[in-house]
Amino acid sequence: REKLAQPVEDTLYFAGEATEVNGHSATVHGAIASGKRAVGQILEREWPAPVSPRRLAPSLRDLLPRGD
């Protein structure tokens with residue numbers, strides 16, 4: 001699971017319950033948690049510290065395009 005959760009060349013990120021390493025594998029909760037983890041990895045790569053990914057996008061909803 002840990003190997004599945006690792007990004008490939010900082011361009012391909014995996015999420016889903018099979019990549020959850022914190023005890024929630026095979027659950028919807030694990031799928032959601034792994035998606036948040038993958039988004040955090042991407043944000044940390046694009047905006048390294050001291051910018052907090054949580055400050056940039058406090059929820060996944062903030063990352064989705066708006067229907068403007």
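1. At 39% relative accessibility, Val21 counts as partly exposed, and in this predicted model Val21 belongs to the segment that comes before helix 1. Once its neighbours within four places in sequence are set aside, the contacts of Val21 are with Arg1 and Glu2. Ala5 is also worth locating from here, since 16 residues separate Val21 and Ala5 in sequence, while their C-alpha atoms stand 8.0 Å apart in space.

2. For a reader meeting the chain as a whole, the secondary structure consists of two helices and zero strands. Of the 68 residues in the chain, 19% are buried. The accessible surface of the chain amounts to about 5300 Å², and carbon and sulfur atoms account for 56% of that surface. When contacts between residues at least 6 apart in sequence are considered, 25% of them join residues at least 24 apart.

3. Helix 1 covers residues 28-46, and its 19 residues reach 27 Å from the first C-alpha to the last, which is close to the 27 Å expected at 1.5 Å a residue. Its buried residues are Gly30, Ser34, Gly35, Ala38, Gly40 and Leu43. As background to reading such a list, an α-helix has 3.6 residues a turn, so residues three or four places apart point the same way.

4. Ser34 deserves a separate look, as a residue of helix 1 whose relative accessibility is 0%, so that Ser34 counts as buried. What does Ser34 touch, not counting residues up to four places away in sequence? The residues concerned are Ala15, Gly16, Glu17, Thr19 and Glu20. Within the helix itself, a polar atom of the Ser34 side chain lies 2.9 Å from the backbone oxygen of Ala31.

5. The structure holds one salt bridge, and Arg45 forms it with Glu46, the closest N and O atoms being 2.2 Å apart. In general, side chains of opposite charge can pair when their charged atoms come close. Are these two partners buried or exposed? Arg45 counts as partly exposed because its relative accessibility is 35%, and Glu46, at 42%, likewise counts as partly exposed.

6. On the surface, Val8, Leu12 and Phe14 form a nonpolar patch, and together these residues have about 230 Å² of accessible area. Leu12, one of the members of that patch, is placed in the segment before helix 1. With a relative accessibility of 42%, Leu12 counts as partly exposed.

7. The backbone of two residues calls for a closer reading, given that most residues other than glycine have a negative phi. Asp10 is not a glycine, and yet its phi is positive, at about 55°; Asp10 is found in the segment before helix 1 and, at 44% relative accessibility, counts as partly exposed. Ala26 is the other residue to examine, with a positive phi near 65° although this residue is other than glycine. Ala26 also lies in the segment before helix 1, and its relative accessibility of 63% is why Ala26 counts as exposed.

Notes:
Residues numbered from 1 in each chain as written. Predicted model: local features only at pLDDT ≥ 70, side-chain atom pairs only at ≥ 80, totals over all residues. Heavy atoms only, no water. Helix = DSSP H or I, 4+ residues; strand = E, 2+ residues; numbered from the N terminus. Buried < 20%, exposed > 50% of the residue type's maximum accessible area, 1.4 Å probe, protein only. Contact = heavy atoms within 4.5 Å. Areas by Shrake-Rupley, 256 points an atom, 1.4 Å probe, with all protein chains shown as cover. Patch = residues over 30% accessible without salt bridge, like charges linked within 9 Å, V, L, I, M, F, W, Y side chains within 5 Å. Salt bridge = Lys/Arg side-chain N within 4 Å of Asp/Glu carboxyl O. Polar contact = N/O pair within 3.5 Å; in protein donor to acceptor, adjacent residues only side chain to side chain. Expected span 1.5 Å × (residues − 1).
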